[in-house]
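User: I'd like to go through this complex with you. Can we start with the terms and then get to the details?

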Amino acid sequence: MSIAATCPGGTFARVHRIATRRIERPLLGAAAGFRERLDWLTGEIGDQLADVLAQPVDDRPLNLVCSTTLSKMVSGWRGNAATLFDRIEARTGLRPAGLLEGYQCAGWGFAARYAATHTDHRWLTLSIVDADLHDLMAAGYEDVIGGIGFGVTTVSLELERGAAPPLCAGPAPNHGFTDLLHAVRACQKRSGPVPTFLPFLPAGTASIAKRMVGDSLAPNRHDCYGHTFGSDPWIGLAEWLQATPPEAGQQVLLGAFAYDGYYTLGSAQVGPDTRVDLRPALAGGGAAAGARP
Amino acid sequence: MTIDLPHGAAGWLAGGVYRRSPLAGSYYPAELDYVPMTRPAEYAQGALFEQVGATPPAPVLVSLSQRYRILAELVRGLRAGIPGLSCVLVRVYGPDFNIALPADLLAADVLLVHDPVEALPGVLAAGRRNVAVIQQDLRADGPERGANTLAVGLVQPDPDAALRFQAWVRACPLLQALEELRVEALGEGRPS
């Protein structure tokens, strides 16, 4: 496997802002209904996006919503999907250009690749949204993939025109996990180790990632968040930026893999002007928790 | 099934409905999974997916992987048949776990999105031509809604691409298996 084949060249984007809120289960409490939960979720997506859009930019952004777990009652029933988009548009003035769910946790990378390849947008906002609107994903799934977390994350990116988009590949065996780690290693050989943000994983799997990637791998926050699907690397980056704000531009590596074997890896630029908004978690009863995780 | 194009755009659309599986004639796994429900509230949520009413839902005609196979075969056909094809926007929603997408649907010239029409303006604003759109509501599982319709469109086609598209439609077994197959011009006047 050649380095050129597995390591995306250069940085695909500058990260301007990351906002994220963890959702504790059950969303809004056990008695809440699907509509009530969807309304809250739409509001959170809109609020985060509105905050991001308040930052002046020189071009109208493209917004794409990415999810792994959102109910088919949203993504597959046209009326509900249209309502979701109508409300986001009413709140922010920006209508999402699509809901990407097929790529599972790697969706944000495929979204960035699409924006860079097939549109002329310079600004891309990603709404990474995972919520259990039916309170159906309890212990049965956690037996298979370990602790699950949910949340809403919004990322504002300034795409580097002419740069290689994130590496997006699959299907690969072993959930794409091994291939992703080999791609990270290829990037390390090419550019040296840089802070690397990967999904939060149960301890056994995380130890494999640690051995492969080394000290440049950011802390595994699985104990706190569970696996929060596509949001994990962005949450990790947000916490890292908050703890150690860079004094100059800094290259970072972000990767994700999907249950069914797709993976993405991209190099991005962060700096002193990258803003972070780690919002208090929404407690399972519906109230925002006072303390951050 | 039709496609509402952004203002000023034009194209061609071929679509119809399946009354029987286009892949009939062999046994295949149903690939249906279950949601591990134990609590009454979970069953109540599951019941939200039931389709009740005067009109029975359309039958489930294909499995999850057969649906991907159909979409991938259409993408391959468009790549081979349409000169200057820029990208293919494909309706795929989820989540579907345990059934991997084929490599053809993960490629850089494909976007899997819940509604290709929502994504069209961004592509057309960039001046792209020969943009293909695949709309489908093929049912592969009981909780899914849909009428087993399938439509393939070519938006802002170059003249040669428009002719090649119509030829490809005539030669494509998956499209010819549709009942009520219609080929029609889209948008403001016939495309050049």
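Analyst: One term up front: a residue is buried if 20 or more other C-beta atoms lie within 10 Å of its own, exposed if 12 or fewer, and partly exposed in between, with C-beta atoms placed from the backbone. This is a predicted model, where local features need pLDDT of at least 70, side-chain atom pairs count only at pLDDT 80 or more, and totals for chains, interfaces and linings use all residues. Residues are numbered from 1 along each chain as its sequence is written, and chains are lettered from A and ligands numbered from 1 in the order in which they are written.

User: Leu28(A), then. Buried or exposed?

Analyst: Leu28(A) is buried, because 23 other C-beta atoms lie within 10 Å. Its phi is positive, about 65°, although Leu28(A) is not a glycine.

User: Where is Leu28(A) found?

Analyst: In the loop between S1 and H2 of chain A. Helices (H or I, at least four residues) and strands (E, at least two) are DSSP runs, numbered from the N terminus. Pro26(A) is in the loop between strand S1 (13–23) and helix H2 (34–54) of chain A. A cis peptide bond joins Pro26(A) to Arg25(A), with omega about -10°.

User: What about the bond from Gly170(A) to Pro171(A)?

Analyst: That peptide bond is cis, with omega near -5°. Pro171(A) sits in the loop between strand S6 (167–169) and helix H7 (177–191) of chain A.

User: Switching chains. What is phi of Asn130(B)?

Analyst: Near 55°, a positive value in a residue other than glycine. Asn130(B) lies in the loop between H4 and strand S4 (131–136) of chain B. Asn130(B) counts as buried because 22 other C-beta atoms lie within 10 Å.

User: Now the contact. How many residues from chain B and from chain A?

Analyst: Chain B gives 37 residues and chain A gives 38 residues. Two residues are in contact if their C-beta atoms, placed from the backbone, lie within 7 Å.

User: Which element gives the largest share of the side of chain B that touches chain A?

Analyst: H4(B), with 5 residues.

User: And by class?

Analyst: That side of chain B has 25 nonpolar, 6 polar and 6 charged residues. Ala, Val, Leu, Ile, Met, Phe, Trp, Tyr, Cys and Pro count as nonpolar, Asp, Glu, Lys and Arg as charged, and the others, Gly among them, as polar.

User: Last one. What ipTM does the predictor give the complex?

Analyst: An ipTM of 0.95, and a pTM of 0.95. Chain B averages a pLDDT of 93, and 98% of the residues score at least 70. pLDDT is the predictor's confidence in each residue, from 0 to 100.
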